[in-house]
Amino acid sequence: MDLIAHLSLGFMTAVSPANLFYCLIGAVLGTAIGVLPGLGPLATIAMLLPITFQLEPVSALIMLSGIYYGASYGGSTTSILVNIPGEVASVVTCLDGHQMAKQGRAGAALAISAIGSFVAGSVATLIVAAFAPVLARVALTFGPTEYFSLMVLGLIASIILAQGSILKALAMIVLGLLLGLVGTDPGSGAQRFTFGVLRLSDGIEFVALAMGFFAFTDVIVGANKNSNRQLVTEKVKGLWLTKDEVKASVPAIARGTIAGSLLGILPGGGGMLASFASYMIEKRISKHPERFGKGAIEGVAGPESANNAGAQTAFIPMLTLGIPSNGTMALMIGAMMIHGIQPGPQVMTTEPALFWGLIVSMWFGNLMLLVFNLPLISIWVWLLRVRYNVLFPAILLFCCIGLFGIKNSVFQIYLGAAFGVLGYFFYRWRCEAAPMLLGFILGPMMEENLRRSMQLSHGNVSTFFTSPLSAAMLIAAGALLILVLLPAMRQRRGEIFEEET
Amino acid sequence: MNRRQFLAAGGAAVAYTMTVPGMALAQGAYPSRPVQFVVGFAPGGNSDVIARRFADLLSKQLGQPVVVDNTPGAGGAIASGEVARASADGHTLQLASASTHVTAPLTGKDVSFDPIKDFTHIRLLTLQPWAIVVNPQVPANTLAEMIDLIKAKPNELFYGSGGVGGLAHLTGELFKKLAGGLQIEHVGYQGGAPALQDIVAGRLQMMVEVIGAVLPYQKSGQLKILAVCSEKKLASHPDLAVAADTVPGLVSETFLGISAPKGLQDDIRAKLFEAAGAAISDKKFMEELQAVATNPVTETTPDAMTMHIENELAKWKPIVESLS
């Protein structure tokens, strides 16, 4: 079989001592930068790129990839422990992961996030190996019309994120959409709601918004309570998973892996939605949706798996079409070109050792991450026993460093602080931040794709229904909307969205 | 601030305090402390990668660390504004580009600097021409055939670029104007990659992109390069047609250069001109640049960069005005 021959060629490349070493370096470095908020894989890879010019092309790519997926592992640690989301995907992990930590289950949350990521990473690596060329064609069929319909579906589904009142969740989604309008108009280049502030012309920075509403708000809320408390209010109950937790997590990991693998293929920001999508699926099908937001382990296992699966399948458009699905992938294409390798469909035939070596190394990298991360859990959990009045200045400091690092400017810190204060009021009013953040992410993408579809169809709205993919997603969105709005569904909805008491 | 900059800044602070006692003695010896090299783009872009390699080579020439300082935002206008207000002692330099010094000041309303008067432009570093590419299904193999096709189907075809008001967009508009008022609608994207996806998939018929980014797609048969907007044939790719042969005057190249705030002393300027020239002529660096179809500028004069920017501003101003 071809696949086995390819994988064994890749295996031979990947297990050379040098390549294993670079894989390890990449994975460890990736975890480290994932743990530090603000410093992303893109910046790290950019800085290390010149060093990799001296390496063999395959070693260089193995190391750079390790940083990339290592960072998606590490990002969950700060979300779970101290409620700092460093990237889009970690926001979802904050919801239930941090709640678990507060209940003394940080060890279980970290363990399931590492295990889920490993399983998802392994499965997604196999998917890349077996189906890359086929899936690449799927990625190409996704145009602005299909993206718009996907965003509509996402936006309607985001109501599921709400834990309290639906009305408040809707208001928060709209607020997120409005905040997403700030910046340069994608169609005309005009400035919207920037009030003459040049720094707002690129829009509000997601990390500033997320850190403000999660980490800063959390600190203000914490400071309002007993200052002598510890972050973990109850005793730390064991580091390992209980039987029930394993039972709940296994199907969640499987579903998250599928959702993440599919969304990761889409170059237009699909990967960003993977963890949100998985969280909404878990909550929607759960028999006890009221547990979500209060430390449901499926709410950690699913999204973490989805996130890592998506990070892995994001390599498909890059490796098979030469089209980068995000900034990090664009940089990897640059690295290939400097090494004299032309990215594109021919890489598989002209550089088989590189192509399959890279894929197999991803699996090794994921394994290393698991082995490396599990022993760290006890150290992380120990950190939580630090008294809160010592811990919170450290949280603020790391957030500020992260915020400053986004654009080398204090403006982002002010922005984060302002959102922190606003977030505190929303906390008091019981308005949740997660639906707002999803609105903020979806809004600009939706607008851009809507305008582009209208332009490319010469203003013909029927374009959304003549594309079968787009039509299917709009129908699904309509069905979901009816499900939410139908009065007959009130009672069922009461179970899904626990009404405010 | 990312980690390397953090460490470098820490190192810089230490180095600075150590040199303070000797400052009076070292006054004439530039550079007396690490040099800040402001890059107006986020880490990871093409320009950033080139800037880091260049900074490394420049620091070997100057004997002091050259620290890359990413200040992204507003197409590089934030970085230009900060450099324009910095001290002109040669310790703050900027990676100037078509974006930071031509399109950002031409298109931005809230821009706080003058791209000529507020700067001492030191030396051009690289030039890279724009290419006009089409999807392989488009029945045109030359620029002349494409012009005929657009004329036959007015307002039916689309071309994409990496951003509204960017040089690629302006180049497309220049093409339309010089070819006799072509009617092909522009579709703006956030960066070149999403536009590439739509042209490879056939949703866009044409695109303007830097030649280095589209060469791989031509090799794999995913795109056809109709012409490059360089002044003459590319030495590295003599097979590619030159746009100006079909459409006289259609020349457009994106540049990178090194600039400082206005009022830089002449001797420091001369020293930086020499050092930058030596750095860009590094054999290995030149090979890396050519691998991504970026041409290092090895022969130039100290006045060439200011003249280049003045010419570019004059060339694109009417196009920008016709758009708004």
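Reader: Which residues of S1(B) point one way, and which the other way?
Author: In this predicted model, the residues of S1(B) are divided between two directions, and all of them are buried. In a regular strand the side chains alternate between the two faces of the sheet. Gln36(B) and Val38(B) point one way, and those that point the other way are Val35(B), Phe37(B) and Val39(B).

Reader: Why is strand S1 of chain B described as largely enclosed by the rest of the structure?
Author: A residue counts as buried if 20 or more other C-beta atoms lie within 10 Å of its own. Strand S1 of chain B, which covers residues 35-39, is largely enclosed by the rest of the structure because the number of its five residues that are buried is five.

Reader: In which sense does S1(B) pair with S2(B), and which residue of S3(B) is the bridge partner of Val38(B)?
Author: S1(B) and S2(B) are joined over five bridges in the parallel sense, and one residue of S1(B), Val39(B), has Asn70(B) as its bridge partner in S2(B). S1(B) also pairs in the parallel sense with strand S3 of chain B, residues 92-97, over three bridges. There, the bridge partner of Val38(B) is Gln94(B).

Reader: Which residue in S6(B) stands opposite Gly160(B)?
Author: Gly160(B) belongs to strand S5 of chain B, residues 158-161, where Gly160(B) and Phe158(B) point one way while Tyr159(B) and Ser161(B) point the other way, all of them buried. S5(B) pairs with S6(B) over four bridges, in the parallel sense. Opposite Gly160(B) in S6(B) stands Val187(B).

Reader: How many charged residues has the side of domain 1 of chain B that touches domain 2 of chain B?
Author: The domain assignment of chain B places 3-128 + 254-323 in domain 1 and 129-246 in domain 2, and their centres, taken over C-alpha atoms, are 30 Å apart. The contact between them joins 14 residues of domain 1 of chain B to 13 residues of domain 2 of chain B, and on the domain 1 side helix H5 (98-107) and helix H13 (304-323) of chain B each supply at least two residues. By class, that side has seven nonpolar and seven polar residues, while the number of charged residues is no more than none.

Reader: What is the handedness of the crossing of H6(A) and H12(A)?
Author: Helix H6 of chain A, residues 106-141, packs against helix H12 of chain A, residues 298-313, at an angle of about 35°, and their axes are 7 Å apart. Their crossing is right-handed.

Definitions and conventions:
Residues numbered from 1 in each chain as written. Chains lettered and ligands numbered in written order. Predicted model: local features only at pLDDT ≥ 70, side-chain atom pairs only at ≥ 80, totals over all residues. Domains from an automatic or database assignment. Contact = placed C-beta atoms within 7 Å. Nonpolar A, V, L, I, M, F, W, Y, C, P; charged D, E, K, R; others polar. Axes fitted to C-alpha atoms, helices over the stretch in contact; angles between N-to-C directions. Left-handed = near helix turned anticlockwise from the far one by under 90°. Buried ≥ 20, exposed ≤ 12 C-beta atoms within 10 Å, placed from the backbone. Pairing = 2+ DSSP bridges.
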